[in-house]
Amino acid sequence: NGDRKAEPAMAYDQGDGTMRIYRWLSDGDSFNRTSDYDSGPFRLSAVGDRMASGDVDGDGRDDVVMAYQHGDGTFSYYVWRNGNSAARVWYDSGPFNLGQVGGRLVLGDFNGDRKAEPAMAYDQGDGTMRIYRWLSDGDSFNRTSDYDSGAFRLSVVGDRMASGDVDGDGRDDIVMAYQHGDGTFSYYVWRNGNFAARVWYDSGPFSLSQVGGRLVLGNW
């Protein structure tokens, strides 16, 4: 709602092929229920965990984005402006298997134009991965250059992928937590979502299986 306080939203599968976005507002000390969004036919089973928020149209208020797998093997990005307007499709793909993405969808302003854009990490099945990227023109998403890795197994990342401005340059970056075979893990960082990966942290013994996909970035 543009009041500079973040508020939670959850997408709820109603079990009849429709869904509801539950929303709350923040008063700075608690969350308070507000109006919800009810969909027409919309199967959250085709979305999985591919839901993210960010200001994709540059109006100063965050929006909700979901990646939806269609039965014909394509997918669409659906956008709910300000988290409560009617859904609109901002992008339709060619053949693309979101099963190789899992829940690795993030939004961030990777190019510094004050509009968030989506990025997805795709397991190529050969021990490498690709970060697919789009740009926002304020009304749709448009494909841009991708990042292709060397040897990098997304199976040891799972859904531990997040975005935020970790270097303070005004543009968001991508971070993944990667479990090594020796029981340690590393934080890998892609500056602006497309630079070559760099390791920003190496741990001692640490089992990321106890974390699951619960990785977030914030300006604490």
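Leaving aside neighbours within four places in sequence, which residues is P118 in contact with? The answer is Y77, L105, V106, L107, Y132, R133, W134 and F141. Please keep in mind from the start that this is a predicted model.

## The chain as a whole

Let us step back and look at the overall fold. The chain has 17 strands and zero helices. A compact globule with 220 residues would have a radius of gyration near 17 Å, and the chain has 17 Å, so the two agree. Taken along the principal axes, the box filled by the C-alpha atoms is roughly 50 × 45 × 35 Å.

How much of the chain is buried? Of its 220 residues, 45% count as buried. The surface that the chain exposes comes to about 11,000 Å², and carbon and sulfur atoms supply 46% of it. As for contacts with a separation of 6 or more, 38% are between residues 24 or more positions apart. The chain also carries 22 positive and 33 negative charges, and the mean positions of these two groups are 1 Å apart.

## Two nonpolar cores

The largest nonpolar core has 20 residues. Among its members, V56, F75, Y77, F96, M120, W134 and F141 touch the most others. Several strands each supply at least two residues of this core: strand 6 (63-69), strand 7 (75-80), strand 8 (88-92), strand 9, strand 10 and strand 11 (129-136). Strand 7 gives the most, with three residues. Apart from this core lies another one, made of 17 residues, and V106, V156, M161 and Y178 are among them.

F141 is a good place to see how parts of the chain come together. Not counting neighbours within four places in sequence, F141 is in contact with V56, V65, Y77, V79, W90, Y91, A116, P118, W134, L135 and S136.

P118, where we began, appears in that list. P118 lies in strand 10. Is P118 buried or exposed? With a relative accessible area of 1%, P118 is buried, because the cut-off for buried is under 20%. Y22 is 96 residues away from P118 along the chain, and their C-alpha atoms are separated by 22 Å.

## Buried residues in loops

Now for three residues that sit in loops and still count as buried. The table gives the loop and the relative accessibility of each.

| Residue | Loop | Relative accessibility |
|---|---|---|
| K115 | between strand 9 and strand 10 | 19% |
| S140 | between strand 11 and strand 12 (141-143) | 18% |
| R160 | between strand 13 (147-148) and strand 14 (161-164) | 8% |

What does K115 touch, once neighbours within four places in sequence are left aside? K115 is in contact with D55, V56, D57, G58, G108, D109, S136, D137 and G138. One of these, V56, is also named among the residues of the largest core that touch the most other members.

S140 touches W90 and L135, if residues up to four places away in sequence are not counted. The C-alpha atoms of S140 and G17 are 26 Å apart, with these positions 123 residues apart in sequence terms.

R160 has its own set of partners beyond its close sequence neighbours, those within four places: V175, M176, A177, L208, V211, G212, G213 and L215. Measuring from C-alpha to C-alpha, R160 and F110 are 19 Å apart in space, while they are 50 residues apart in sequence.

## Two arginines with a positive phi

Finally, here is a detail of the backbone. Most residues other than glycine have a negative phi. Which value does phi take at R4? R4 has a positive phi of about 70 degrees, although it is not a glycine. R4 lies in the segment before strand 1 (9-13). At 85% relative accessibility, R4 counts as exposed, because the cut-off for exposed is over 50%.

R114 also has a positive phi, near 70 degrees, and is likewise a residue other than glycine. R114 is found in the loop between strand 9 (105-108) and strand 10 (117-123). Is R114 buried or exposed? R114 counts as exposed, with a relative accessibility of 73%. K115 lies in the loop between strand 9 and strand 10 as well, but K115 counts as buried at 19% relative accessibility.

Methods: Residues are numbered from 1 along each chain as its sequence is written. This is a predicted model: local features need pLDDT of at least 70, side-chain atom pairs count only at pLDDT 80 or more; totals for chains, interfaces and linings use all residues. Side-chain values use heavy atoms; hydrogens and water are left out. Helices (H or I, at least four residues) and strands (E, at least two) are DSSP runs, numbered from the N terminus. Buried means under 20% relative accessible area, exposed over 50%, partly exposed in between (1.4 Å probe, protein chains only). The radius of gyration is taken over C-alpha atoms; the globule rule is 2.2 Å times the number of residues to the power 0.38. Contact means heavy atoms within 4.5 Å. Accessible areas come from the Shrake-Rupley method with a 1.4 Å probe; for residues, only the protein chains shown count as cover. Lys and Arg count as positive and Asp and Glu as negative; His and the chain ends are not counted. The place of a charge is taken as NZ of Lys, CZ of Arg, CG of Asp or CD of Glu. A nonpolar core is a set of buried Ala, Val, Leu, Ile, Met, Phe, Trp, Tyr and Cys residues joined through side-chain atoms within 4.5 Å.
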